[in-house]
Amino acid sequence: MSASLATPAAAKGAWLDAWLAHLPAASGELAPVQERGRQALSQSSIPSGRHEDWRFTDLSLLQALPLAPAAAATATLPVPESGAVRLVWSGGSNPLAGQALPAGLQQLTPGEIAQGLGHTLAAAGCQEHWPVELNHAAAERVLALRVTSRSQVSLELVSAAAEGLQALRLLLLLEEKAELDLSQWIEAQASGLHSLVIEAHLARGARLSHGLVALGQSDAALMAHVVIEQEPESRVQLSSVTSGWGLARLEPRAVQVDGAAHTTLRGLQLVDGQRIADTHSFVEFKGPEGQLDQLHKAVAAGQGRSVFNGAVRVPRAAQRTNAAQLSRSLLLSDRARIDTKPELEIVADDVKCAHGATVSSLQTDELFYLQSRGIGADQAAGLLQRAFCEEVLRELPAAARSWCSLERLLESAA
């Protein structure tokens with residue numbers, strides 16, 4: 001039994017109780033949300049290996065992390081893409097202060113925020129998930145934006161933090177036939193916890209392309225929920241790349257409220273040392289003729305552990321659903337570990353649903369071929385890793401692709 005599972009529950013929760021006790025009184029626009037999250041955390045237990053969704057995820061790292069509000073840091077990134085708006089987003093200060101928004105991008109009113117906040121979380125059944133309640137308890141403000149009908153907007157969100165807790169909350173409303181390319185960068189430059197909750201509602205015919213690049217370090221943790229509601233004829237592509245985190249837990253979730261929408265999920269996680277990367281995805285079709293295209297990739301070296309759990313729900317109302325899910329993992333060490341688990345709950349009888357999972361190592365014949373052409377062993381292995389990762393990297397939005405060199409990812413993972 002691992003040390004984390006052997007630790008008594010009371011001892012495991014002591015750090016959380018101490019953090020809750022030292023939080024300032026709830027205040028500001030999110031005061032009711034803060035109060036709800038703090039009450040929920042005080043009354044619930046920390047997830048452990050006894051919970052099915054958490055049985056591979058060791059949360060012991062959280063006990064050692066500093067949880068005072070993190071100071072913003074400076075990220076080293078290329079200049080913004082032409083026509084894109086870049087916001088430096090720390091979670092505490094207002095990223096829109098002094099920022100002129102382009103045509104088609106508007107800030108939501110307090111009334112709209114009160115009405116919309118939490119709605120998509122509830123629709124996807126994750127409003128009471130422990131990482132979400134942690135974000136509720138800590139988030140000081142919400143970045144709430146609307147993309148107006150038929151507008152095309154390119155937005156970059158950059159979040160880099162020094163030591164401590166960074167809590168980010170984003171609410172997006174895309175009106176009919178609106179289009180948003182959203183590139184997001186999260187970087188841990190010191191020990192701490194990074195908490196992210198995104199809610200997005202896509203009206204009929206809207207399109208969202210979201211690319212998240214998150215680089216951490218061995219004494220930092222990332223816990224993220226990216227939750228989408230889709231009306232018919234909408235299209236969403238969620239792409240994520242994580243590397244370097246001592247613990248990374250990512251939960252992309254999409255609900256097609258009346259079916260007839262298209263969801264694309266792409267994920268890449270790199271782990272080395274004794275790090276853990278855990279992705280739990282969930283897609284639900286509530287109407288007919290919905291589509292899902294999902295590809296998840298992992299590279300595990302050292303004693304790293306990669307976890308993937310992909311849940312797809314197709315009730316009787318979701319006839320003529322077409323869903324494909326594939327998990328592909330690259331194992332670079334005999335001490336690394338891959339856990340992959342598809343979950344397909346299908347009640348409808350007129351569907352096309354498929355899933356597959358592969359775990360492999362670098363192929364000796366491919367390495368031999370490259371070396372026979374004068375390429376060194378390390379360079380050959382690097383080229384094969386690049387080819388494996390590129391299938392996900394190339395589908396990031398343009399700005400995120402420019403941030404995400406494989407060399408930087410591997411450096412972070414190591």
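Start by selecting Arg150, and keep in mind that you are looking at a predicted model. Show the surface around Arg150: this residue is exposed, with a relative accessible area of 58%. Now switch to the backbone. Arg150 has a positive phi of about 65°, although it is not a glycine. To see where that happens, extend your selection to both sides: Arg150 belongs to the loop that runs between strand E3 (143–147) and strand E4 (152–161).

Next, jump to Ala260. Here, too, you will find a positive phi in a residue other than glycine, with a value near 55°. Ala260 lies in a loop as well, between strand E11 (247–256) and strand E12 (262–271). How exposed is Ala260? The relative accessible area is 30%, so Ala260 counts as partly exposed, given that the partly exposed range runs from 20% to 50%.

Now step back to the sheet. Strands E4 and E12, which you have just met at the ends of those loops, both belong to an open sheet of nine strands. Follow the order E1-E4-E6-E8-E10-E12-E14-E16-E18, in which the pairing is parallel. Which strands stand at the edges? Select strand E1 (85–88) and strand E18 (352–360): each has a single partner strand, so one side of each is left without a neighbour in the sheet. Turn the view along the sheet and you can follow the twist, which averages 10° from one strand to the next.

For a last stop, pick out strand E14 (residues 291–300) together with strand E16 (residues 322–331). These two pair in the parallel sense over ten bridges. Within this pair, select Lys297 and look across to E16, where Arg328 stands opposite.

Note on methods
Residues are numbered from 1 along each chain as its sequence is written. This is a predicted model: local features need pLDDT of at least 70, side-chain atom pairs count only at pLDDT 80 or more; totals for chains, interfaces and linings use all residues. Side-chain values use heavy atoms; hydrogens and water are left out. Helices (H or I, at least four residues) and strands (E, at least two) are DSSP runs, numbered from the N terminus. Buried means under 20% relative accessible area, exposed over 50%, partly exposed in between (1.4 Å probe, protein chains only). Two strands pair if DSSP finds at least two bridges between them. Axes are lines fitted to C-alpha atoms, for helices over the stretch in contact, and angles run from 0 to 180 degrees between N-to-C directions.
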